[in-house]
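This briefing sets out selected features of the structure shown below, grouped by topic. Please read each point alongside the sequence and the coordinates.

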Amino acid sequence: MRMEASRRTRRRTQVGQALVEFALLTPPLLLFVLLTVDVGRAYWESIDAAGAARAGVRMGIISDTSDIGGAVRDEPNSGIPNTVAAWGSVGPGTAWGTCTSGTSTCGDPNGCASTSFSGTQIACFALRTCTLSSGGDLGTITGCGPWGLRPLSGGHALQLVVVIKFPAVTPALAAFVTGGVLYLRQSDTGNELYF
Amino acid sequence: MMWYVTSRKRQSGQVLPIAAAAFLVMCALAGLAIDTSRDYLVKRDAQNAADFAVLAASKQMTLSGTLNGPVASNSNAVIAAHDYTTNNSFSTIYSSGCDAGGSSSFSTTWFDVPGLSCGATTGFTNKVSVNSPPVALPGAPVPAACQGSGQFTCIQVIITTRIAELFTSALGINTAYVTVGASAQAILPGSSFDAPPPNAVTLYQPQADCDKKLQCFDETKPASRALLSCTGGSNNCPTFWVRPGTAPQIYGYDGSVLSSPGDYTVLRSAGDMVIQDNTTICDSYGGATCSPNRAVGSQGFGAQAGSKIYCSAINGASAPTGCTTTGQSSLARIYSNETSWIPGYWYPTVDTSQLPYCGSLILNGGPMYGPCADPSEPYLIGPGFYDYIVINHGDYEFGPGLYDITGLAPVNTATSGFANGIDHSQETAAGDFDLCTGRTVTSCPVLTAGIWIGHGSLAYSAYQGPTPGSCTNGVAGSGGGGGDPTVISGSGVVFRFGSNSGGFVSTNEVQGLTLAGAGVGALASVNGSPLLFDMENNGFIHLDSQAGGSGVPPNTTSGIIYQTPNATGGGVEFDPSMAGSDVSGNELPAVQGQILAYTLTIIGSSGGTMDFTNGYGGGSVPGIGTSGRNENSIITSVTLKAGAPGFSILTVNYADEWMMDAYDVYVKVNNGSPQFFSQGIWTSPPGPATPLPPPSNNPGDAYPAYPSGGTPGSYTIISTGPPQGSSDWLYAIPGGSGATIEAKGAWTWGHHNDPRIVPPGRSSNYTASLIYTFPNPIGNYLSVTMFMLDGDRCGDYAYATYTFKSTGGPGPGQQSIGSVSLVQ
């Protein structure tokens, strides 16, 4: 009889044990899955940004009048729409977003710092002219001009950055970055191919 | 019972270890996913770096001026490859320690750490290799453009980078290596298209062993030819024959403007030359001015040793051969300096694989028919395979593209109604040397060709005028055509005649013949060659027409007239008088370009030149949407010459039945924003995203305007004729550093000048010029695009691109911009 009572008591203590364990494990597991998804998304956006930077540089090095802005915005068409809402002051039809001249500001003049983002903007590009150690086409970069100006002539390098604003979804990732927002930055440098 | 208790004990806390194990597995998978994503991102960055490095390197190859061998150690191309991988974060230590190769290849490798062997596959973070020519990589064979003769035009950059893994290192995978490669092809300025050496005339028929050849020149008999044949009867064909009354002027190319200057012989003949009228062969090297009856330049003509030159005198200081005067009559002078003969051959590359089959054509003024007809343009002949083409009557245009003629046209057998083949009845002994003299509709039953353009006497369909269309919403009208007079035009056309076909004949009865070959680099199927005729048989290309009237489109051909060097007969013959003259009475060139053929005979009457001084020019015909139609035949000639110091002048001459519309004329440089001639009257500058020209400012049918002193705008009005008359306005492009667009001749504002719309309108032939003057320092490379419209209601247009390097010299056209591109 005592044995039966004891068995009954133990059975009572086991009731819900799996549920409790599951409840305890689910939040960290879920967090972990979301963290993985978050990081994966961040890499995916980074690859998009790298593709956009590449497209912009390739357009920019063809000639000094080709539209870099359109090339950048058109590239990540799967992730970032080519709209003013997404690109803000460097969006389509804007003064900074249309890059067909070396004499007017082209791309974000602040180099797409975090302060350059406003409103719904989630993407930004900036470019600048860099001089090379040879003074012409060759050499390593010795210095770059201010953001916003493409080269007026050949014999320079064109450096272009694309930054994508990436708000982290999970608290885990948000804990690692200031304000819970990552600024994914990709840059490319090309030698102007026109003569 | 004991078993029951034990089982319960085992279940206690079972979820936790399972979850912990699962957690570990999930961690491993998540780590693998993150590391893989990271690897992919680094690979993407490396690919970008390789792309930009190889492009920078190939630019240096282009600037080097030669692509005859592998890049050299420590050359700018190699340095650029290194620098641009470093500038894109894949830095290495530059060194020539791993340079290898010789005359057939070059390779080098750099690492980011010193002391590694050249073949090291580990121990570094970044490794960059350069190969010239490119080599195959796993899963990436050598690009087709970089094989064979193109191998030294290409360079390859390979980046291998080590990635320290974050998570998979727990599984023992501490690092991963990714390798990417990129190849690029460089194209030299000035030789970026497939073309023969710039000799104006190259003739193959040799004199040696004449008795063993099907076609040659028997020096014991007078030169003679009939019915497009050099065999049988009295036929006897010299390699170069100037017929009496023709007084030809053959002007060669100024090779000093090439990126690698060269003074090329104007006329090369492998056999005998019979000169029966004063003949000028001018070498314009160094910008020398050519004019009739003047020996200019040292490289006038060269004949193979053993050949005779039948002439009365050679007007030059250096004449190693001298004239032979025995055996031929009516001999005349050569005004040219003789030089040594250098053999040379060239073979075009023609790809007919994409051509549609179009059947055969016999046109007597009716609409084009068959599988290649365009219902919206009933008098436009489309490119493709044809058995043959006969045009006895009518106004037709050949659309841009390749025409491959495989057979021979039948001669007409009908005695009434429409001809069912070539109608020779109007050809005359006086006007049509070498053609039919029978004068009946069934004469000369075996005199044929692959394409025969003539003017018969049998029935024809009535001329159909242009259909104006609505001119709105992109609804175009159609061009007219057909009728009795034979008027043929074509721009960007190439005629190929297969081995079983014949040649091309345009008779003296043809009223209009304007054929422009493919623009430089414009037609991929001929490998970018500026080809017009490619005759792969022993036929004849016979070019003749009535002389064009003053101010009307000249009867002329431009492009390469080529016959295979494998030919054993046939050749080319043309009439210098067919082009007519401009409004000032200056004779226009009948043939612009080169001739490479078995023989060349100058027929007909004296007149314009065979002019190769301007090279080929270059034109391309991209599609563009307007309410008119693309009508590149309205461009009659293009010249490029040096202007004031530091400036070049591009002149595009235009002729059409309607005036030119200056309103929408624009110029683009390096594919930049268009600069409109009409900008001077725009009331306000349009915004960045608004269309150009601003629609609200665009005069058209509803808002015609005329050039007059009262027209608003900022132009320098050099002269203004009566409304719709001849005017000369100059517009300075704002911010153009001195660039101007000048519209000169019969032009007006707004494509409204159809007499049915704005009476009285104009419906005659008018000519005008667009003159673009622009800053262009010597050595500068430019691509200039001009867009122009004629003045009829719907605004037919022409659109041409000219690419060149400013040499500071007067030579146009031949120059073609160097370029680089990634290849796969």
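Val487(B) has Gly512(B) as its bridge partner in strand β27 of chain B. The model is predicted, and every value quoted here is computed from it. The points below start from β27(B), move to other strands and the sheet of chain B, and close with a surface patch, chain totals and one residue of chain A.

**Strand β27(B) and its neighbours**
- The bridge between Val487(B) and Gly512(B) belongs to the pairing of strand β24 (residues 487-491) of chain B with β27(B), which is parallel and comprises five bridges.
- β27(B) also pairs with strand β30 (residues 556-563) of chain B, again in the parallel sense, through three bridges.
- Within that second pairing, Leu515(B) has Thr557(B) of β30(B) as its bridge partner.
- Strand β27 spans residues 512-516 of chain B, and four of its five residues are buried, so the strand is largely enclosed by the rest of the structure.

**Strand β4(B) and its neighbours**
- Strand β4 of chain B covers residues 154-164; nine of these eleven residues are buried, so the rest of the structure largely encloses the strand.
- Strand β3 (residues 126-132) of chain B pairs with β4(B) in the antiparallel sense, with six bridges.
- In β4(B), Ile158(B) is the residue opposite Ser129(B).
- β4(B) is joined to strand β5 (residues 175-187) of chain B by eleven bridges, and these two strands run antiparallel.
- Arg162(B) finds its bridge partner in β5(B) at Tyr177(B).
- In a regular strand, side chains alternate between the two faces of the sheet.

**The ten-strand sheet of chain B**
- An open sheet of chain B is built from ten strands with parallel pairing, in the order β13-β10-β7-β33-β31-β29-β26-β23-β20-β16.
- Its edge strands are β13 (309-310) and β16 (361-364) of chain B, each of which pairs on one side only.
- Inside this order, strand β7 (residues 240-242) and strand β33 (residues 600-602) of chain B are linked in parallel by three bridges.
- One of the paired positions joins Val242(B) to Ile602(B), its bridge partner in β33(B).

**A nonpolar surface patch**
- Val25(B), Leu29(B) and Leu32(B) together make up a nonpolar patch on the surface, with a combined accessible area of about 280 Å².
- Leu32(B) belongs to helix α2 (residues 15-64) of chain B.
- With a relative accessible area of 41%, Leu32(B) is partly exposed, because the partly exposed class lies between the limits of 20% and 50%.

**Chain B as a whole**
- Chain B contains three helices and 45 strands.
- It has 824 residues, of which 55% count as buried.
- Among contacts in chain B with a separation of 6 or more, 69% are between residues 24 or more positions apart.
- The chain exposes about 30500 Å², and carbon and sulfur atoms supply 54% of that area.

**Ile80 of chain A**
- Ile80(A) is located in the loop between α3 (68-74) and α4 (84-87) of chain A.
- Its relative accessibility is 1%, so Ile80(A) counts as buried, the limit being under 20%.
- Leaving out residues up to four places away in sequence, Ile80(A) touches Glu45(A), Arg73(A), Ala86(A), Trp87(A), Ile122(A), Ala123(A) and Ile164(A).
- One of these contacts, Ala123(A), is 43 residues from Ile80(A) in sequence, with a C-alpha to C-alpha distance of 7.4 Å.

Note on methods:
Residues are numbered from 1 along each chain as its sequence is written. Chains are lettered from A and ligands numbered from 1 in the order in which they are written. This is a predicted model: local features need pLDDT of at least 70, side-chain atom pairs count only at pLDDT 80 or more; totals for chains, interfaces and linings use all residues. Side-chain values use heavy atoms; hydrogens and water are left out. Buried means under 20% relative accessible area, exposed over 50%, partly exposed in between (1.4 Å probe, protein chains only). Two strands pair if DSSP finds at least two bridges between them. Contact means heavy atoms within 4.5 Å. Patches are made of residues with over 30% relative accessible area and no salt bridge: like charges are joined within 9 Å, nonpolar side chains (Val, Leu, Ile, Met, Phe, Trp, Tyr) within 5 Å. Accessible areas come from the Shrake-Rupley method with a 1.4 Å probe; for residues, only the protein chains shown count as cover. A salt bridge is a side-chain nitrogen of Lys or Arg within 4 Å of a carboxyl oxygen of Asp or Glu.
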